[in-house]
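User: I'd like to practise reading a predicted model with you, one feature at a time. Could we start with charge and then move on to the fold and a single residue?

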Amino acid sequence: EARGFGEETPLVRAATVRQWNICLYLLEQGADPTVSDEWGKTMPYMLYKYPVAAESFQGGYWLKVKGIVEKRGLDKLNLPPKEVLKLQKAESWPPT
């Protein structure tokens, strides 16, 4: 996947700025939610760290992204960045 500043993928960047409509689109296009940036942030981590009110514009998209994450069993990958970095260093990320 393409990467920008801090090794962010478009999916991680969209999650960081809470653009859940973009996250939904990227997931539907095959973006890998297990990829992290250089600080260990992942989209699932950002999803659960910054929940959005369901009635807000982004809320409906947030719920759809959350549904995709949970359906794929990726909610278990809601790990703090330091833990992700530790697992990467041990070559155990993403978990199988």
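Analyst: Let's begin with charge: count each sign, then compare where the two sets are centred. In this predicted model, the protein chain carries 13 positive and 12 negative side chains, and the centres of these sets are 4 Å apart.

User: What share of the accessible surface belongs to carbon and sulfur atoms?

Analyst: Carbon and sulfur atoms account for 55% of an accessible surface of about 5600 Å².

User: How many helices and strands does the protein chain have?

Analyst: Listing the elements in order is a good habit. There are five helices and zero strands, giving α-α-α-α-α from the N terminus on. The radius of gyration is 13 Å, close to the 12 Å from the globule rule for 96 residues, so the chain is as compact as a globular protein of that length. Along its principal axes, the C-alpha trace spans about 40 × 25 × 20 Å.

User: Which residues account for 60% of the contacts with a separation of 6 or more?

Analyst: Those 24 or more positions apart do. As for burial, 41% of the 96 residues are buried.

User: Now a single residue: is threonine 42 buried or exposed?

Analyst: Place it in the fold, then check its cover and its partners. Threonine 42 sits in the loop between helix 2 (20-28) and helix 3 (43-49). With a relative accessible area of 1%, threonine 42 is buried, because the cut-off is under 20%. Its side chain reaches the backbone nitrogen of tyrosine 45 at 3.3 Å. Beyond neighbours within four places in sequence, the contacts of threonine 42 include Val12, Pro33, Leu77, Val84 and Trp93.

Terms used. Residues numbered from 1 in each chain as written. Predicted model: local features only at pLDDT ≥ 70, side-chain atom pairs only at ≥ 80, totals over all residues. Heavy atoms only, no water. Helix = DSSP H or I, 4+ residues; strand = E, 2+ residues; numbered from the N terminus. Buried < 20%, exposed > 50% of the residue type's maximum accessible area, 1.4 Å probe, protein only. Polar contact = N/O pair within 3.5 Å; in protein donor to acceptor, adjacent residues only side chain to side chain. Contact = heavy atoms within 4.5 Å. Rg over C-alpha atoms; globule rule 2.2 N^0.38 Å. Areas by Shrake-Rupley, 256 points an atom, 1.4 Å probe, with all protein chains shown as cover. Lys, Arg positive; Asp, Glu negative; His and termini not counted. Charge placed at Lys NZ, Arg CZ, Asp CG, Glu CD.
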